[in-house]
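Work through the exercises below with the model open. Try each task before reading its solution.

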Amino acid sequence: MEKVLDYIRESKAELKKVTWPTKQQLWYSTLVVIVVTFIFAAYLGLVDLLLTGIFSKIL
């Protein structure tokens, strides 16, 4: 049981050292993830459409 309590105390001490992002940083990071996801999805959709067209003509 003592090891568990030591782990919790050490974890708490380490979390105090963390530099947490501001709301603005968090918002911009979230926006970047969403935009990159949409760009990647559009790219994959375009490649899928292109390959489907090519293979449908071959087969």
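Three exercises follow, on a predicted model.

**Exercise 1.** Find how many salt bridges a search of the whole structure gives, and examine the one at Arg9.

Solution.
- Step 1. The search of the whole structure returns two salt bridges.
- Step 2. Arg9 pairs with Asp6, with N to O at 2.8 Å. The cut-off is 4 Å, so the pair qualifies.
- Step 3. Place the partners. Both Arg9 and Asp6 sit in helix 1, residues 2-17. They are three residues apart, about one turn of the helix.
- Step 4. Classify them. Partly exposed lies between 20% and 50%. Arg9 has 49% relative accessibility, so Arg9 is partly exposed. Asp6 has 30%, so Asp6 is partly exposed too.

**Exercise 2.** Which residue forms a salt bridge with Glu14, and is that partner buried or exposed?

Solution.
- Step 1. The partner is Lys17, with the closest N and O atoms 3.2 Å apart.
- Step 2. Glu14 and Lys17 are three residues apart in helix 1, so about one helical turn separates them.
- Step 3. Exposed means over 50% relative accessible area. Lys17 reaches 59%, so Lys17 is exposed. Glu14 has 47%, so Glu14 is partly exposed.

**Exercise 3.** Locate Gly53, classify its accessibility, and give its C-alpha separation from Ser11.

Solution.
- Step 1. Gly53 belongs to helix 2, residues 23-58.
- Step 2. Its relative accessible area is 28%, so Gly53 is partly exposed.
- Step 3. Gly53 and Ser11 are 42 residues apart in sequence. In space, their C-alpha atoms are 55 Å apart.

How values were computed: Residues numbered from 1 in each chain as written. Predicted model: local features only at pLDDT ≥ 70, side-chain atom pairs only at ≥ 80, totals over all residues. Heavy atoms only, no water. Salt bridge = Lys/Arg side-chain N within 4 Å of Asp/Glu carboxyl O. Helix = DSSP H or I, 4+ residues; strand = E, 2+ residues; numbered from the N terminus. Buried < 20%, exposed > 50% of the residue type's maximum accessible area, 1.4 Å probe, protein only.
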